[in-house]
Amino acid sequence: MTDSPCPPLSDADWPEEIAALRDGFAGQLNVYRTMAHHPALLRAWAPLRQHVVKDSALGPIRSEVVILRTGVRLGSSYEWQQHVSRARKLGMSDTRIAAIRDMPVGATGPEGEDGGEDGLLVRAVDALLDARCLSPAQEAELAAALGRPAVIDLIATVGFYSVLGYLLMTYRTPLDDDIARELDADPAP
């Protein structure tokens with residue numbers, strides 16, 4: 001499956017102290033099966049994951065824009081492919097997904113050609129990854145457009161998925177079989 005020193009755990013190797021998590025979100029994805037090598041971290045991760053993935057003030061579409069851009073900027077093919085699948089299920093077109101991937105770093109474009117809200121989110125991700133913060137003007141623009149809780153959730157989402165990306169890339173975690181089959185049949189843009 002993988003040459004990783006820390007491969008996704010099988011059900012048979014799953015730690016007893018987090019058995020309940022296996023039947024929920026953690027057993028569904030290889031990223032969490034990899035994190036299960038550290039049961040205390042996975043247990044602590046669960047409530048933050050609930051907020052960032054399910055309860056974010058960004059909402060599902062904006063979150064996917066942020067996650068897709070974070071994945072591609074980190075170079076995490078697992079995150080990119082996993083979230084292409086999720087974005088498609090949310091109704092995002094391959095054209096839109098490719099635009100999120102391909103927008104030049106820092107691009108603002110002429111009036112009306114700044115990528116709209118997706119561009120605003122992409123530029124925020126880029127600023128967080130490159131400058132490690134949003135400028136005051138950028139934060140104010142985001143807060144006016146999305147609300148301050150969504151800006152804070154955007155920052156948290158980039159951080160959350162950066163940690164996952166580091167884990168995935170360090171341990172060469174393989175893409176989940178169902179997503180791999182799906183993307184074999186309909187490749188990611």
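In this predicted model, the side chains of Glu64 and Arg86 meet in a salt bridge, with 3.5 Å from N to O. The two residues sit in distant parts of the chain, Glu64 in helix H4 and Arg86 in helix H5, 22 residues apart. Glu64 is buried at 2% relative accessibility, whereas Arg86 is partly exposed at 27%. Arg86 also belongs to the residues nearest the centre of the largest pocket and appears in the lining of the largest cavity.

**Overall fold**

- The protein has ten helices and zero strands.
- Read from the N terminus, its elements run α-α-α-α-α-α-α-α-α-α.
- The radius of gyration is 17 Å, close to the 16 Å that the globule rule gives for 189 residues, so the protein is as compact as a globular protein of that length.
- The C-alpha trace spans about 55 × 35 × 25 Å along its principal axes.
- Of the 189 residues in the protein, 47% are buried.

**Salt bridges**

- The structure holds 14 salt bridges, and the Glu64 to Arg86 pair is one of them.
- Asp94 forms a salt bridge with Arg88, with the closest N and O atoms 2.8 Å apart.
- In that pair, Asp94 is partly exposed, with a relative accessible area of 29%, while Arg88 counts as buried at 17%. Arg88 falls in the buried class because its value is under the 20% cut-off.
- Glu182 forms a salt bridge with Lys89, and their closest N and O atoms are 3.4 Å apart. This pair links distant parts of the chain, with Glu182 in helix H10 and Lys89 in helix H5, 93 residues apart.
- Glu182 is partly exposed at 25% relative accessibility, and Lys89 is exposed at 62%. Lys89 counts as exposed because its relative accessible area is over 50%.
- Arg69, Arg73, Asp126 and Asp130 are joined into one network by salt bridges that share partners.

**Largest pocket**

- The largest pocket has a volume of about 410 Å³.
- Its lining consists of 21 residues, and those nearest its centre are Leu29, Arg49, Val53, Lys54 and Arg86.
- Four elements give two or more residues to this lining: helix H3 (39-55), helix H4 (59-74), helix H5 (77-89) and helix H10 (177-185).
- H4 gives the most to the pocket lining, with five residues.
- By class, the pocket lining has eight nonpolar, six polar and seven charged residues.
- Helices H4 and H5, which contribute to this lining, are also the elements that hold Glu64 and Arg86.
- Helices H5 and H10 contribute to the pocket lining as well, and the salt bridge between Lys89 and Glu182 links these two helices.

**Largest cavity**

- The structure holds one cavity of 30 Å³ or more. The space in the largest cavity is about 80 Å³.
- The residues that line the largest cavity are Leu29, Val31, Tyr32, Arg49, Val53, Tyr78, Glu79, Gln82, His83, Arg86, Tyr161 and Leu164.
- Helix H2 (30-35), H3, H5 and helix H9 (148-170) each supply at least two residues of the cavity lining.
- H5 gives the most to the cavity lining, with five residues.
- By class, the cavity lining has seven nonpolar, two polar and three charged residues.
- Leu29, Arg49, Val53 and Arg86 are in the cavity lining, and these residues are also among those nearest the centre of the largest pocket.

**Aromatic residues**

- The structure holds three aromatic pairs.
- Phe160 and Tyr161 form an edge-to-face pair, 5.0 Å centre to centre and with 65° between the planes. The pair counts as edge-to-face because the angle between the planes is over 60 degrees.
- Phe160 is buried, with a relative accessible area of 3%, and Tyr161 is likewise buried at 3%.
- Ring pairs link Trp45, Phe160 and Tyr161 into a cluster.
- Tyr161 is also one of the residues that line the largest cavity.

Conventions:
Residues are numbered from 1 along each chain as its sequence is written. This is a predicted model: local features need pLDDT of at least 70, side-chain atom pairs count only at pLDDT 80 or more; totals for chains, interfaces and linings use all residues. Side-chain values use heavy atoms; hydrogens and water are left out. On a 1 Å grid over the protein atoms alone, a cavity is a set of points where a 1.4 Å probe fits but cannot get out, and a pocket is an open set with protein on both sides within 12 Å along at least five of seven lines; lining residues have an atom within 4 Å of a point. Grid points are joined across faces, edges and corners, and a volume is the space filled by probe spheres set on the points. Ala, Val, Leu, Ile, Met, Phe, Trp, Tyr, Cys and Pro count as nonpolar, Asp, Glu, Lys and Arg as charged, and the others, Gly among them, as polar. Rings of Phe, Tyr and Trp (its six-membered ring) pair if their centres lie within 6.5 Å; planes under 30 degrees apart count as stacked, over 60 as edge-to-face and the rest as tilted. Buried means under 20% relative accessible area, exposed over 50%, partly exposed in between (1.4 Å probe, protein chains only). A salt bridge is a side-chain nitrogen of Lys or Arg within 4 Å of a carboxyl oxygen of Asp or Glu. The radius of gyration is taken over C-alpha atoms; the globule rule is 2.2 Å times the number of residues to the power 0.38.
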